[in-house]
Amino acid sequence: MAVLATMTGLYPAFYYIAKAANPGILAGKSAELLASYFYRGSFYTHITFGGIALLIGWMQFSKKIRAWNINFHRGLGKAYMTAVALSAISGFTIAMSATGGPVCMAGFGLLAAAWLYTDFQGYRAIRKLDIGRHRAWMLRNYSLTFAAVTLRIYLPLATEIIHFNFIPSYQVISWLCWVPNLVVAEVLIRRAQKYPEGASTGVSAPFQGRYKAS
């Protein structure tokens with residue numbers, strides 16, 4: 001997960017170093033849309049901060065990092081939540097112009113909304129010192145962050161290997177890239193809540209109880 005997240009998180013750099021005026025997905029956008037500074041600003045805000053969220057988010061699940069320096073974990077968490085908020089808001093904006101029409105607009109738009117919502121709920125939980133709920137919400141949140149990775153796995157698989165047409169594939173993947181991720185996160189959370197006795201070694205510990213200030 002860390003390797004895939006890092007590779008995908010670094011991908012936005014391509015848009016900054018590419019020699020083409022409209023690299024990557026921008027090449028398929030209309031001239032009218034590309035002429036909009038608002039769209040371009042939203043697009044680059046989305047990919048930049050989304051990349052940052054991917055790069056640092058996986059580290060928040062490391063027990064070793066939390067044990068090594070809890071202040072580092074908290075600082076990284078603040079940076080992650082801020083990056084997600086900025087990327088989600090701008091992502092919702094560009095989703096309204098998504099290739100593939102209303103199906104993709106709805107898929108990516110709901111992804112952005114769910115991404116922002118889980119980010120906010122994670123923030124609310126930690127403000128209340130409810131560590132269990134905080135970690136559960138952040139697991140849901142990072143499963144949505146990871147949609148950037150799963151999208152880039154499914155799309156070439158569908159179009160280059162199976163040779164499906166791009167638009168139908170993109171419409172399906174605009175949902176497939178995040179809904180199963182969220183389902184898996186929810187299964188892990190419920191499993192952890194059901195079997196708290198594995199707290200010392202498994203994923204169940206993060207979702208139990210509240211933080212007690214010393």
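Start with the contacts of the whole chain: among those between residues at least 6 apart in sequence, 67% join residues at least 24 apart. Keep in mind that the model you are looking at is predicted.

**The whole chain**

Show the chain as a cartoon. The secondary structure comes to 11 helices and 0 strands. Follow the chain from the N terminus, and the elements run α-α-α-α-α-α-α-α-α-α-α.

Next, switch to the C-alpha atoms and turn the view. Along the principal axes, these atoms fill a box of roughly 60 × 35 × 25 Å. How does the radius of gyration agree with that of a compact globule? For 214 residues, such a globule would have a value near 17 Å, and the chain has 18 Å, so the two agree.

**Surface and charges**

Turn on the surface. The chain exposes about 12000 Å², and carbon and sulfur atoms supply 68% of that area. Of the 214 residues, 41% are buried.

Now select the charged residues. The chain has 20 positive and 6 negative charges, and the mean positions of the two groups are 9 Å apart.

**Tyr154**

Select residues 147–161, which form helix 9, and pick out Tyr154 within the helix. Is Tyr154 buried, partly exposed or exposed? Its relative accessibility is 24%, and buried means under 20%, so Tyr154 counts as partly exposed.

Which residues is Tyr154 in contact with, leaving aside its neighbours within four places in sequence? They are Ile173, Leu176 and Cys177. Show these side chains together with that of Tyr154.

For a distance across the model, add Asn22 to the selection. Asn22 and Tyr154 are 132 residues apart in sequence, and their C-alpha atoms are 23 Å apart in space.

**The cysteines**

Return to Cys177, one of the contacts of Tyr154. Is Cys177 buried or exposed? The relative accessibility of Cys177 is 1%, so this residue counts as buried.

Then select Cys104. Cys104 has a relative accessible area of 0% and is therefore buried as well.

How many disulfides does a search of the whole structure find? The search finds 0. Cys104 is in no disulfide, and its nearest cysteine sulfur, that of Cys177, is 9.5 Å away. A disulfide needs the two sulfur atoms within 2.5 Å. Seen from the other side, Cys177 is also in no disulfide, and the nearest cysteine sulfur to it is that of Cys104.

Conventions:
Residues numbered from 1 in each chain as written. Predicted model: local features only at pLDDT ≥ 70, side-chain atom pairs only at ≥ 80, totals over all residues. Heavy atoms only, no water. Helix = DSSP H or I, 4+ residues; strand = E, 2+ residues; numbered from the N terminus. Buried < 20%, exposed > 50% of the residue type's maximum accessible area, 1.4 Å probe, protein only. Contact = heavy atoms within 4.5 Å. Rg over C-alpha atoms; globule rule 2.2 N^0.38 Å. Areas by Shrake-Rupley, 256 points an atom, 1.4 Å probe, with all protein chains shown as cover. Lys, Arg positive; Asp, Glu negative; His and termini not counted. Charge placed at Lys NZ, Arg CZ, Asp CG, Glu CD.
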